[in-house]
4 protein chains.
Amino acid sequence: MSFELTPRTAPGVSVVGAAESLVEPFAGRAEAADVENEMCRQNFDDLLASGISSAFVPEELGGFGLESIHDWIVAIATLARGDASTAIAITMHHAIGRRMAQAYSLAKTDLGPDDERTNNLAEPLRKMVAGEMLICATATEAGTDNLHPVTEVVRHRQDDRDGWRINGRKIFVTMSPIATHVSTVARVRDDDGDDMANIVLPMDTPGLIPQNDWDALGMRGSGSQSVVFKDAWVPESAFGRMGPWGKWSLQYLEFRAIANIVLVGAFLGIAEAAHDIALEKLLTRSRVGQLAAEQSGIQNLVGEMALELAQCRAVLGAAGVEMDAYCERHSTSAASMEDAHGLMSDYQAAKWTVNRGAIGVVSKAMDLLGGAGYTNSDALARLYRDVRAGPFMQPFGPAELREYVGQVTLGQYPDS
Amino acid sequence: MSFELTPRTAPGVSVVGAAESLVEPFAGRAEAADVENEMCRQNFDDLLASGISSAFVPEELGGFGLESIHDWIVAIATLARGDASTAIAITMHHAIGRRMAQAYSLAKTDLGPDDERTNNLAEPLRKMVAGEMLICATATEAGTDNLHPVTEVVRHRQDDRDGWRINGRKIFVTMSPIATHVSTVARVRDDDGDDMANIVLPMDTPGLIPQNDWDALGMRGSGSQSVVFKDAWVPESAFGRMGPWGKWSLQYLEFRAIANIVLVGAFLGIAEAAHDIALEKLLTRSRVGQLAAEQSGIQNLVGEMALELAQCRAVLGAAGVEMDAYCERHSTSAASMEDAHGLMSDYQAAKWTVNRGAIGVVSKAMDLLGGAGYTNSDALARLYRDVRAGPFMQPFGPAELREYVGQVTLGQYPDS
Amino acid sequence: MSFELTPRTAPGVSVVGAAESLVEPFAGRAEAADVENEMCRQNFDDLLASGISSAFVPEELGGFGLESIHDWIVAIATLARGDASTAIAITMHHAIGRRMAQAYSLAKTDLGPDDERTNNLAEPLRKMVAGEMLICATATEAGTDNLHPVTEVVRHRQDDRDGWRINGRKIFVTMSPIATHVSTVARVRDDDGDDMANIVLPMDTPGLIPQNDWDALGMRGSGSQSVVFKDAWVPESAFGRMGPWGKWSLQYLEFRAIANIVLVGAFLGIAEAAHDIALEKLLTRSRVGQLAAEQSGIQNLVGEMALELAQCRAVLGAAGVEMDAYCERHSTSAASMEDAHGLMSDYQAAKWTVNRGAIGVVSKAMDLLGGAGYTNSDALARLYRDVRAGPFMQPFGPAELREYVGQVTLGQYPDS
Amino acid sequence: MSFELTPRTAPGVSVVGAAESLVEPFAGRAEAADVENEMCRQNFDDLLASGISSAFVPEELGGFGLESIHDWIVAIATLARGDASTAIAITMHHAIGRRMAQAYSLAKTDLGPDDERTNNLAEPLRKMVAGEMLICATATEAGTDNLHPVTEVVRHRQDDRDGWRINGRKIFVTMSPIATHVSTVARVRDDDGDDMANIVLPMDTPGLIPQNDWDALGMRGSGSQSVVFKDAWVPESAFGRMGPWGKWSLQYLEFRAIANIVLVGAFLGIAEAAHDIALEKLLTRSRVGQLAAEQSGIQNLVGEMALELAQCRAVLGAAGVEMDAYCERHSTSAASMEDAHGLMSDYQAAKWTVNRGAIGVVSKAMDLLGGAGYTNSDALARLYRDVRAGPFMQPFGPAELREYVGQVTLGQYPDS
């Protein structure tokens with residue numbers, strides 16, 4: 001297939017290879033998860049067994065040692081050919097795992113492998129490998145945007161321990177029904193500033209109340225329920241500041257761009273699945289005595305579908321390469337805010353092309369199959385629902401994206 | 001709203017007025033029908049009570065005396081603002097009823113109102129008014145197109161009566177679960193030719209076997225199940241020839257163009273409903289302290305949605321006007337095949353713009369509402385599924401439509 | 001041709017009929033005007049001789065008595081099939097002539113046909129018929145928009161007469177090289193307010209200095225040079241206020257919407273000419289032994305061209321009908337600002353679809369003809385340059401249009 | 001700029017660096033070449049002096065030793081930022097030079113560097129470096145396609161030498177006014193078969209008659225005149241067979257894909273130039289007192305322009321990478337016809353996205369600048385004309401491209 005994405009690093013080859021072996025089993029379970037509106041636990045067992053859950057964990061701790069964002073995207077796209085709900089769910093865990101692995105590697109270099117602090121940082125990575133830690137994440141709340149969370153943490157001492165208390169409601173907490181931990185952002189206002197806080201809590205924390213309210217058009221197996229925090233206690237160790245509330249910081253720009261572009265991969269994977277389903281049927285079915293694949297109108301429309309898919313792949317691949325180059329370039333020296341907006345803008349370019357293009361590809365696949373693709377017995381009908389989730393992904397929805405990219409292009413960087 | 005379609009004839013004003021009164025009750029019942037995957041019988045009771053079922057029945061027989069195709073489209077679009085499944089279902093009945101009303105009117109003029117034959121033709125129209133006759137229709141079979149039905153009728157004498165026997169399988173027999181009769185096309189090959197036959201049968205005919213297999217992405221309340229004919233008997237009176245099998249005839253071109261353009265109206269109605277839902281919410285909801293309707297990005301996207309809707313309305317309205325002019329022009333003298341292909345091409349132009357544009361409008365509405373519109377608690381999610389049925393409508397699907405319009409534009413008329 | 005626009009009123013039929021007779025001669029002269037970058041005076045002689053110049057002049061004064069905006073658009077589109085430069089030029093004269101005709105008709109009703117004031121208002125209309133008055137118009141200046149002209153008039157007494165003095169520079173003063181008068185807008189700041197002023201001056205007014213600087217990509221025969229006003233004297237009779245400077249007034253919204261939508265007609269006419277050129281050649285030329293018109297790829301692309309043209313026609317026709325209905329509705333009672341913004345938004349909808357669609361149609365015609373259409377010996381090459389002028393037309397350029405339509409749709413009316 | 005293409009090989013870095021130094025001087029001469037409709041000889045002197053003319057010549061013979069198709073594309077795109085006419089012209093010379101360099105390198109490996117045959121193959125390469133050889137090329141004739149040239153060669157003995165005689169007419173012979181040689185394809189029918197022949201002749205060959213008839217909408221400095229062959233004599237050494245006439249051969253598919261994708265680079269370069277012109281002006285100009293770059297509508301449209309440019313870059317870059325991988329993969333073993341169609345299809349994917357996208361980018365730049373960009377004093381007006389040449393490039397024009405890509409996607413490979 002034209003411009004198909006392939007991994008560029010050795011760990012990427014391993015992860016993507018593992019992902020490929022899961023496409024068929026995932027696809028076989030996708031309908032049931034959709035109908036039952038439940039996460040498919042077996043998929044996550046497979047992700048663990050295959051090592052994909054711990055893709056970013058260094059090899060010496062039992063992971064794949066993945067570093068390339070590009071290859072991460074390819075792996076997620078591959079999984080999504082089988083089941084996009086599972087694919088987007090695991091990205092949450094990956095994004096947090098990747099940061100933990102970076103912290104560990106930094107410590108290993110700076111402090112040595114045997115330092116206690118290094119070892120402490122290895123601990124959760126080992127748990128990931130053992131399947132004892134699965135982290136979901138969310139930055140989304142109703143009525144606000146990623147920069148202005150209303151969920152708030154305040155100082156709170158409990159059982160003689162310093163810490164915090166968190167209150168608020170997060171939505172789209174994908175994978176939360178089976179996660180062991182949740183990572184989220186909140187506002188903290190105190191003498192140290194009005195800041196964005198990053199919080200990681202066990203899912204069984206008292207006051208952390210899953211809402212079991214996920215019932216959506218698509219991505220029904222992603223477990224994207226709401227989670228309420230009601231006076232939930234946050235130990236000091238689970239709390240970190242990451243720049244001012246309501247403003248873009250370097251760290252937050254980078255994190256959102258990198259963690260979220262991977263979601264785009266899932267929508268590419270959906271498009272690829274739809275494309276393949278259409279081709280397979282066109283090569284076997286006839287109409288009024290002529291093979292569908294031999295009809296000029298069908299060929300023309302297949303061409304349009306293939307061209308749209310090629311655009312999606314090329315743009316997402318280019319964005320992945322840019323991301324890797326950015327990480328490489330700024331591995332030793334910090335990027336500027338302009339650099340980071342450029343990174344975010346590249347992600348938005350990928351999002352714009354791929355999320356819309358993927359919808360277009362699935363829609364053309366449906367056009368090609370006619371009414372048959374519209375019935376629920378055909379996987380296309382589910383793909384059509386799943387793929388529509390793409391444009392909402394944060395930050396910069398369809399009503400904001402073009403303006404933001406224009407601002408960055410013009411050097412008119414928004415700070416909030 | 002810009003370029004909103006309004007009726008152009010007095011009966012049209014009555015029918016559309018009646019349709020408007022049903023928008024709200026239909027909308028209120030749409031979710032249940034969708035969830036239960038059942039036709040909403042109460043909607044059809046309302047259609048009967050309001051007189052919409054018998055829109056084409058002459059006033060002297062108790063109907064609205066509708067004649068304008070344009071106004072018929074407007075009425076269907078109006079109903080579809082409430083529930084598109086019901087709207088497309090009733091078009092089937094309308095299309096047959098319209099032809100029956102024309103036959104009656106012609107007989108009344110030619111033979112006089114008191115002639116027995118005139119009275120015979122009035123009979124089914126009176127039944128429609130009384131709610132004793134509700135006709136569904138289908139021309140669709142798997143693996144072939146409208147011109148080449150595989151379902152076949154052969155001469156068969158039964159109980160000392162001349163007649164026919166029909167065998168085959170029709171799909172997308174919308175409204176069949178509650179209809180009293182079904183109208184369909186089949187092939188007849190005998191000494192009189194290899195022809196297209198038109199058949200109308202009671203739904204309780206032995207050997208007419210509904211399949212109860214409708215389970216689709218959308219339009220779930222339309223009852224579009226398959227129907228199998230297994231040696232079902234067709235009396236002579238229920239049989240008519242309409243031109244050669246496998247070739248366009250004047251009659252068949254005209255009938256398909258007129259009966260099917262009305263379906264396009266339903267998709268316009270879905271788009272209008274989605275547009276209104278989006279506007280209503282944008283005028284009440286805020287994000288980071290600003291009313292959504294006041295944000296430039298939102299305004300820009302609303303503009304795009306409104307412009308797309310305006311195109312749909314203008315094109316469908318123009319097609320309706322052309323159809324009425326065609327009928328007027330050819331009310332006394334027959335049209336040429338070129339004229340009829342022009343009519344069909346106008347329908348295709350409407351279909352192309354409106355079915356795609358309606359999907360675009362619903363999609364933009366969803367973009368505007370973000371993740372909220374993606375959850376099943378929002379009607380938008382259903383509209384997004386319903387609206388996708390548009391492009392499949394016969395004849396000339398997405399892989400054929402442009403080529404056909406090009407052929408007509410170039411005067412290269414296809415005959416099969 | 002599908003959805004072709006036809007006049008709806010008797011005077012419209014006359015004007016459009018006259019325009020049709022000019023298509024061929026105009027087309028025959030278009031290349032020379034383009035090459036020489038000059039207005040074609042013979043075209044304007046024809047417009048005068050055919051009565052089109054005085055289309056809006058009442059019949060009793062020797063004109064066609066045109067009133068319908070819809071039919072005006074059709075007439076301009078027809079002329080533009082021959083030469084779009086001439087077509088846009090004459091709209092300027094028409095727009096002013098229409099207002100003069102309205103003023104005369106009102107006076108005739110209110111004061112009687114023999115009143116001196118009525119007669120005074122008839123005078124310029126008679127001159128139009130006699131070819132002694134040809135009015136160009138402009139509202140455009142560099143670096144600002146229609147609502148904020150920088151050109152300014154100030155009180156000035158000259159030769160014992162009350163009056164004004166005007167200074168500034170207008171651009172795109174189409175038809176000014178052959179016009180007898182120019183109508184323009186300026187700012188007036190005095191004790192009566194900070195207002196928009198409307199000025200009409202003879203072109204030979206001292207201090208009115210044509211710049212002879214029109215040299216553009218297309219529309220080269222339109223004479224759209226700049227005009228400088230340097231202390232030009234404006235008699236009291238040539239001065240009128242029309243609402244506050246920098247704000248939309250009812251009068252200004254209506255005038256801009258009605259005067260400018262007609263320009264859209266010219267771009268439709270260009271598209272129609274390109275469409276016809278393409279069809280004609282495809283029906284006569286072969287490639288590798290097959291008639292172009294018989295090739296599936298050609299048919300598919302012709303279909304796309306025809307579908308795009310059909311959209312343009314339908315939308316522009318619908319806008320014309322809306323404009324006529326607006327004028328009818330508000331002929332006795334004033335419209336609200338909301339109504340007038342709705343009118344402007346309808347014009348923008350037509351502009352968006354038609355100006356872009358016309359570019360698309362010409363581009364597809366060029367795709368269909370291949371390299372042959374790219375050479376200057378083919379009229380298509382000129383049409384491709386001419387049609388690109390569409391999107392700039394005032395007010396609301398491509399960067400503003402969608403946001404404005406969105407604002408109107410949301411009821412967030414801008415006042416400046 | 002987002003997804004900007006950069007060279008991937010060391011020789012590519014050199015060639016692209018040289019090209020960058022020519023952007024400004026080329027841009028400075030582009031208007032004159034356009035107005036005078038003449039090739040700019042100074043540009044070609046610069047290309048020679050900078051070594052770009054001999055980019056593919058091995059370093060030991062004085063060239064850059066370029067091998068990467070990707071980097072070739074980047075170099076052409078870079079030149080086209082200055083002047084696209086010159087950029088497309090030099091691609092012809094490059095494409096032939098590349099094949100000559102490959103033949104030389106192969107001989108050097110197989111026969112040794114001192115073999116006479118190796119030395120003979122080095123000869124024209126040395127001439128290229130010395131500026132004594134500049135080769136134009138064409139495969140285009142009116143009324144047929146690349147596979148079915150009507151120009152024909154027949155056996156002809158002249159002055160006691162074996163050889164051929166050629167008759168026919170080629171169009172779009174870009175760069176022919178200043179070339180020393182022309183390379184073309186023709187039909188040869190004899191006992192050896194009905195084949196495609198490749199011919200290279202000096203431009204001063206008797207019977208080779210340039211027509212000096214290039215006068216097009218754009219690319220006016222490209223010298224793309226017609227050339228007539230009237231009994232021109234072809235020595236044996238200038239003649240080669242390359243597969244059957246009227247059918248795709250492996251060799252011909254590969255050559256057309258590789259030689260022609262580079263042309264796409266030129267259209268990307270035009271888009272980049274237009275993008276930069278627009279940005280520069282938006283950052284300095286104000287409207288009604290606000291900097292253009294700060295207006296939301298402008299930002300939104302700049303975003304759309306940037307997103308479209310990003311797509312073009314990503315797709316063209318991906319195609320370049322694919323081409324290099326193809327050449328690498330098949331450097332020692334021949335590709336299959338399926339592989340070669342895949343290569344051609346990748347080129348078509350690039351052509352589809354970039355040629356259309358580049359038109360879109362230039363058009364958006366023009367929308368952003370308004371009427372100013374429409375006047376001939378602005379380079380944008382020329383870019384708008386130049387960029388329109390893209391879609392015609394052979395093989396597979398806009399009416400064929402999608403169907404071909406669909407055929408390849410479906411494995412329904414066309415052989416003619």
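Q: Before the domain distances, where do the domain bounds come from?
A: Domain bounds come from an automatic or database domain assignment. The model itself is predicted.

Q: Which domains does chain A have, then?
A: Chain A is split into domain 1 (10-134), domain 2 (152-244) and domain 3 (250-409).

Q: How far apart are the C-alpha centres of domain 1 and domain 2 of chain A?
A: Those two centres in chain A are separated by 22 Å.

Q: And how many residues of each are in contact?
A: Domain 1 of chain A contributes 21 residues, and domain 2 of chain A contributes 14 residues.

Q: Which elements give two or more residues on the domain 1 side?
A: On the side of domain 1 of chain A that touches domain 2 of chain A, these are helix H1 (10-36), helix H2 (41-49) and helix H4 (84-111) of chain A. H4(A) gives the most to that side, with eight residues.

Q: What is that side made of, by class?
A: The side of domain 1 of chain A that touches domain 2 of chain A has twelve nonpolar, four polar and five charged residues.

Q: Switching to chains D and A: how many residues does each bring to the contact?
A: Chain D brings 37 residues and chain A brings 37 residues.

Q: Which elements of chain D give two or more residues there?
A: Helix H6 (250-282), helix H7 (296-329), helix H8 (337-369) and helix H10 (401-409) of chain D do so on the side that touches chain A. H7(D) gives the most to this side, with 16 residues. By class, the side of chain D that touches chain A has 18 nonpolar, 13 polar and six charged residues.

Q: What turn lays chain D on chain A?
A: A turn of 180 degrees with a shift of 0.0 Å along the axis superposes chain D on chain A, at an RMSD of 0.0 Å. That is the relation of a two-fold axis.

Q: Which C-alpha of chain D is nearest the axis?
A: In chain D it is the C-alpha of D:Ala314, 2.6 Å from the axis. The same surface serves both copies, since 100% of the contact residues of chain D recur in chain A.

Q: Another topic: at what angle do H7 of chain B and H10 of chain C pack?
A: Helix H7 (residues 296-329) of chain B and helix H10 (residues 401-409) of chain C pack at about 85 degrees, and their axes are 6 Å apart. H7(B) and H10(C) are therefore roughly perpendicular to each other.

Q: Which residues make that contact?
A: Among them are B:Ser296, B:Gln299 and B:Leu307 of H7(B), together with C:Arg402, C:Tyr404 and C:Thr409 of H10(C). The residues of the contact of H7(B) with H10(C) divide into six nonpolar, seven polar and three charged.

Key. Residues numbered from 1 in each chain as written. Chains lettered and ligands numbered in written order. Predicted model: local features only at pLDDT ≥ 70, side-chain atom pairs only at ≥ 80, totals over all residues. Contact = placed C-beta atoms within 7 Å. Helix = DSSP H or I, 4+ residues; strand = E, 2+ residues; numbered from the N terminus. Nonpolar A, V, L, I, M, F, W, Y, C, P; charged D, E, K, R; others polar. Least-squares fit on C-alpha atoms with pLDDT ≥ 70 in both. Axes fitted to C-alpha atoms, helices over the stretch in contact; angles between N-to-C directions. Parallel < 35°, antiparallel > 145°, perpendicular 65-115°, else oblique.
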